[in-house]
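Q: Could you take me through one part of this structure up close? I'd like the disulfide and its surroundings, plus a look at one loop residue.

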Amino acid sequence: QVQLVESGGGLVQPGGSLRLSCAASGSILSINTMGWYRQAPGNQRELVATITSGHISNYADSVKGRFTISRDNDKRTVYLQLNSLKPEDTDVYYCNADIIVLYSGVYRSFWGQGTQVTVSS
């Protein structure tokens, strides 16, 4: 009933920038917190940034000052601006959203399929 569609990943040189987008669609009543996570092979998925419906954000220490999370509630979309990229930022990035599906009455957590970010010279 709900889909999160990601875009914006790709290959970039160290010091470069990317902008990731994730749009939610389907039978949605409301969306609470949205966020971005990343995962490298063999590692557990880790939090990058979250943002509440009231636009309060939180960041992992490793990206603080370089990445910026934002959202457009009308478009049901969360963004992640990645600046000053480093090779260690190379990962698959996943968006996440806590959503009340229409008629369900409860929040459920949904994930995008992931988008690859590769930082290399």
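A: Here is a walk through the disulfide, then the loop residue Arg-45. This is a predicted model, where local features need pLDDT of at least 70 and side-chain atom pairs count only at pLDDT 80 or more, while totals for chains, interfaces and linings use all residues. Residues are numbered from 1 along each chain as its sequence is written, and side-chain values use heavy atoms, with hydrogens and water left out.

The structure has 1 disulfide, a term that covers a pair of cysteine sulfur atoms within 2.5 Å. The partners are Cys-22 and Cys-95, with 1.9 Å between their sulfur atoms. Their link is right-handed, at 45° about the S-S bond. Cys-22 sits in strand E3 (residues 18-26) and Cys-95 in strand E9 (residues 91-101), so the pair ties together parts 73 residues apart in sequence. Strands here are DSSP runs of at least two residues, numbered from the N terminus. Cys-22 is buried at 1% relative accessibility, and Cys-95 is buried too, at 0%. Buried means under 20% relative accessible area, exposed over 50%, and partly exposed in between (1.4 Å probe, protein chains only).

Now for the loop: Arg-45 lies between strand E4 (28-39) and strand E5 (46-51), and is partly exposed at 32%. Leaving out residues up to four places away in sequence, Arg-45 touches Tyr-37, Arg-38, Gln-39, Tyr-94 and Trp-111, where contact means heavy atoms within 4.5 Å. Of these, Tyr-94 is 49 residues from Arg-45 in sequence, yet their C-alpha atoms are 8.9 Å apart.

How values were computed
Helices (H or I, at least four residues) and strands (E, at least two) are DSSP runs, numbered from the N terminus.
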